[in-house]
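User: I am new to this structure. Please take a close look at the ligand and its surroundings, and walk me through them.

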Amino acid sequence: MAKALRVLPLILALLLTLGGCAGAPRRDSEEEALLLGFAQLGSESAWRLGNTRSVQEAAQRAGIQLMYENAEQKQEKQIKAIRSFIAYQVDVIAFAPIVEDGWDTVLMEAREAGIPVLTTDRMIHTEDESLYAGFVGSDFQAEGEKAGQFLLRKAQEMGAEHLNIVEISGTIDSTPMKQRGQGFRNAIQDDSRFTIVASLSGDFLRSKGKECMEQLLAAHSDIDVLYSHNDAMTLGAIEAIEEKGLEPGQDIVIITVDGEQAAVDLLKEGKVNCVVECTPLIGDTIMELARKLAAGESIERATYSEERVFTEFDEDLDSLPERGY
Ligand code: GZL
């Protein structure tokens, strides 16, 4: 049944086109709800599940009809979903591009169909800026810089003369992977106390985070710091660290990004030293921007979330509200 429902939009779109209705307005009255096509990239982390929930619940609150497709970590599935939204003549398309490159062709099709596009959570790389109306999400470079700033303070507190760092990065060619890596390096590059001895990609997945940490521990006997681009990979890495008989947060300083409840709980337990917030709860902002685009209004090129950083030096960790993801 679920599968039949999933292909329904495609069948309807085909009927619209075959029946000579292509180009006919989807709605016969302006009163009908705005139709937003949303192509989510996957379900790889609690962060992503929180992001999906935020979008779905915000659409309901806003009275916006949501066509939702999950690409299960495959760019070609995201492109297919966007094509189905175009065929169905949605009012606005929003999508979280899994990687930055390879979107021009399908976004040209959306532009030809007169459908405005909003990139959410992650950015695209294109020479033609007119292919999308704007971006809503996090400033990942700032997140990386916050991680680096914490490490400068932690090294000071430790009186450390030198620290070896390993990095477990996110999905290669994704905006958070590129910018969290760059921001972190910007913050520490002029300080001779730090050496990044290795960096492996864990694709934002818990299982791969564990595999990466096992490899790094096997190859390096003197790891002082782990910088992990998301909490899911950090949870896997901590399993590997403990299986090696080491104390996460003590033997190895751990800096992680996302701010999932699980990571904040580990911070309180002393198993993580710094959690850089990256909020997935951007659903209401997406709906606001979609409404503006559907009304033909222009929007900011980039709308950034306000984000915090939680560290072992904070006094108020026990009074933090539930994270919601
Ligand atoms: C960041 C988002 C990342 C999260 C990961 O905005 O794209 O993708 O940090 C998720 O948890 O997989």
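Analyst: What follows is a tour of the ligand site, with a short stop at one threonine afterwards. Keep in mind that this is a predicted model.

Start with the space itself. The ligand occupies the largest cavity. Two elements each give two or more residues to the shell around the ligand: helix 2 (46–62) and helix 6 (175–188).

Now the shell. It holds 13 residues. Those that come nearest to the ligand are Glu-44, Asp-121, Arg-122, Arg-180 and Asp-258. Sorted by class, six residues of the shell are charged, five are nonpolar and two are polar.

Next, the contacts. Arg-180 places a polar side-chain atom 2.8 Å from an oxygen atom of the ligand. Asn-230 also has a polar side-chain atom 2.8 Å from a ligand oxygen. For Ser-45, an N or O atom of the side chain is 3.0 Å from an oxygen atom of the ligand.

How much of the ligand does the protein bury? On its own, the ligand exposes 320 Å². The protein buries 100% of that area.

Last, the threonine. Thr-256 belongs to strand 9, which spans residues 253–258. Is Thr-256 buried or exposed? Its relative accessible area is 0%. Buried means under 20%, so Thr-256 counts as buried. The side chain of Thr-256 has a partner: a polar contact of 2.6 Å joins it to the side chain of Thr-234.

Note on methods: Residues are numbered from 1 along each chain as its sequence is written. This is a predicted model: local features need pLDDT of at least 70, side-chain atom pairs count only at pLDDT 80 or more; totals for chains, interfaces and linings use all residues. Side-chain values use heavy atoms; hydrogens and water are left out. A residue is near a molecule or strand if one of its heavy atoms lies within 4 Å of it. A polar contact is a pair of N or O atoms within 3.5 Å; within protein, one must be able to donate a hydrogen and the other to accept it, and residues adjacent in sequence count only if both atoms are side-chain atoms. Accessible areas come from the Shrake-Rupley method with a 1.4 Å probe; for residues, only the protein chains shown count as cover. On a 1 Å grid over the protein atoms alone, a cavity is a set of points where a 1.4 Å probe fits but cannot get out, and a pocket is an open set with protein on both sides within 12 Å along at least five of seven lines; lining residues have an atom within 4 Å of a point. A molecule sits in a cavity or pocket if more than half of its atoms lie within 2 Å of its grid points. Helices (H or I, at least four residues) and strands (E, at least two) are DSSP runs, numbered from the N terminus. Ala, Val, Leu, Ile, Met, Phe, Trp, Tyr, Cys and Pro count as nonpolar, Asp, Glu, Lys and Arg as charged, and the others, Gly among them, as polar. Buried means under 20% relative accessible area, exposed over 50%, partly exposed in between (1.4 Å probe, protein chains only).
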